[in-house]
Amino acid sequence: MPSSSGAARRSIARLRGALRRAAVRWAGLPHSEGTVDSPDAALAGDITRLWLRCALSRRPLTANGGAAVVCMTTHGDRVAHAWLAIESIARGEELPVRFVLWLEEGTALTWRLRRQRRRGLEVRWVASGYGVHTKHRGYAASASAHRLPMVVCDDDIVYPPSWLSGLLAARARHPGHVVAFRCHAMRFRGDRLAPYTEWPTFDTALPSFAAFATSVSGQLLPPQLVDALRDAGDAFLESAPTADDVWLHRLSVEHGFRTAQVERHPVHFPFIPGSQTSGLNAHNVWSGGNDQQLARTHGPVLAAIRADAERDMRLSRD
């Protein structure tokens, strides 16, 4: 005969399943365990907790003593799920002094984004046409001199509670540098950069011009680099229109800012399930978009990158 404890566990499991299905059907939680493109149990549980937090919490998303400004953008179908990335940052050990969601004019807010705005999320609209650069362009242009670093991040990631505190701790270890959780090691073929798909992961915490940061896991830019972004204006529209990471890296090398990885090995946090049905990854990575935009932007800074790439490879062999 089955034990009463076993029956109780099965009842609890059935109840949890029913609640998740109800959340999917009635409450707008689109990615739960057991659904199409479902996450594993741990991520599903985290998403459910963030869903409840977004619906019920009154805790602010920012802190007066915050040491950075966080900027994000979203568009199209992804607007419906951006709240999840935002809420994952809002439960962090460290909170930003400002959290700005930059949107193209005419973008409608979901009720979750409206609720997050009441808790301190800043929503700013800008003219259309900037694409992925929307996340940095509006803030960079907003001041004649920036005092705090800007952290740029993507709208399709579930960030851990230690995310912002990890970036700020790395900044303290590497003051005056860009810091990021995920970098590639830039490599060369003769006088030119090797194809982006051939770059290995960056496996050192040593600051380097050859460390190419990706914003998918977040990167922190020193305030002086934010000023340089402002002064560069909209030149990215011609040279790197769909690759903000390419433009940010070009400007960082040009103005003498190396990039340091937060940990020795790169970290990629979980995607929001279902978020990869749209996006620029296929075009930029697999269709050569990054290579074309790197060729247009990085010519003047290749010598500095090569010198650090050769140094990094020597050190890795020693």
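1. A crossing of two helices is called right-handed if the near helix is turned clockwise from the far one by less than a right angle, and left-handed if it is turned anticlockwise. By that convention, helices α9 and α11 make a right-handed crossing. The contact draws on Val 246, Trp 247 and Arg 250 from α9, and on Asn 290, Gln 293, Leu 294 and Thr 297 from α11. Sorted by class, the residues of this contact are 3 nonpolar, 3 polar and 1 charged.

2. The geometry of this pair deserves a remark of its own, with the reminder that the model under review is predicted. The axes of α9 and α11 (residues 289-297) lie 10 Å apart and are inclined at about 25°. Because angles under 35 degrees count as roughly parallel, α9 is described as roughly parallel to α11.

3. As to overall composition, the protein chain contains 12 helices and 11 strands. Of its 318 residues, 53% count as buried. Contacts between residues at least 6 apart in sequence were also examined, and 79% of them join residues at least 24 apart.

4. A second helix pair is formed by α2 (residues 41-56) and α4 (residues 111-118), whose axes come within 9 Å and cross at roughly 65°. On the α2 side the participants are Trp 51, Arg 53, Cys 54, Ala 55 and Leu 56, and they meet Trp 111, Arg 112, Arg 115 and Gln 116 of α4. This contact comprises 5 nonpolar, 1 polar and 3 charged residues.

5. Helix α7 (residues 223-232) is largely enclosed by the rest of the structure, because 7 of its 10 residues are buried. The buried residues are Pro 223, Leu 225, Val 226, Asp 227, Ala 228, Leu 229 and Arg 230. Their cover is supplied by both helices and strands, including α5 (134-140), α6 (163-173) and α9 (244-254), together with β4 (150-152), β5 (178-180) and β10 (219-221). Just past the helix, Gly 233 adopts a positive phi of about 65°.

6. The end of α7 also carries a salt bridge between Arg 230 and Asp 231, with the closest N and O atoms 2.9 Å apart. The two partners should be distinguished by burial: Arg 230 is among the buried residues of the helix, whereas Asp 231 is exposed, at a relative accessible area of 60%.

7. Across the whole structure, a search finds 19 salt bridges. One of these pairs Glu 122 with Arg 98 through their side chains, at 2.8 Å from N to O. Since Glu 122 belongs to strand β3 (residues 122-126) and Arg 98 to strand β2 (residues 98-104), the pair ties together parts that are 24 residues apart in sequence. Arg 98 has a relative accessibility of 26% and so counts as partly exposed.

8. Another salt bridge joins the side chains of Asp 312 and Arg 311, again with an N to O distance of 2.8 Å. This bridge is not isolated, as shared partners link Arg 258, Asp 308, Arg 311 and Asp 312 into one network of salt bridges. Within the network, Asp 312 is buried, its relative accessible area being 10%. Arg 311, at 22% relative accessibility, counts as partly exposed. The cut-off matters here, because buried means under 20% relative accessible area.

9. The loop between β4 and α6 merits inspection at two positions. Asp 154 lies in this loop and is buried, with a relative accessible area of 19%. Beyond its neighbours within four places in sequence, Asp 154 is in contact with Met 72, Ala 85, Lys 135, Tyr 159, Ser 215 and Val 216.

10. Pro 161 is also placed in the loop between β4 and α6. Its relative accessibility of 33% makes Pro 161 partly exposed. Apart from neighbours within four places in sequence, Pro 161 is in contact with Arg 91, Gly 92 and Glu 93. For Pro 161 and Arg 91, the separation is 70 residues in sequence but 6.0 Å in space, taken from C-alpha to C-alpha.

Definitions and conventions:
Residues are numbered from 1 along each chain as its sequence is written. This is a predicted model: local features need pLDDT of at least 70, side-chain atom pairs count only at pLDDT 80 or more; totals for chains, interfaces and linings use all residues. Side-chain values use heavy atoms; hydrogens and water are left out. Axes are lines fitted to C-alpha atoms, for helices over the stretch in contact, and angles run from 0 to 180 degrees between N-to-C directions. Helices (H or I, at least four residues) and strands (E, at least two) are DSSP runs, numbered from the N terminus. Contact means heavy atoms within 4.5 Å. Ala, Val, Leu, Ile, Met, Phe, Trp, Tyr, Cys and Pro count as nonpolar, Asp, Glu, Lys and Arg as charged, and the others, Gly among them, as polar. Buried means under 20% relative accessible area, exposed over 50%, partly exposed in between (1.4 Å probe, protein chains only). Angles under 35 degrees count as roughly parallel, over 145 as roughly antiparallel, 65 to 115 as roughly perpendicular and the rest as oblique. A salt bridge is a side-chain nitrogen of Lys or Arg within 4 Å of a carboxyl oxygen of Asp or Glu.
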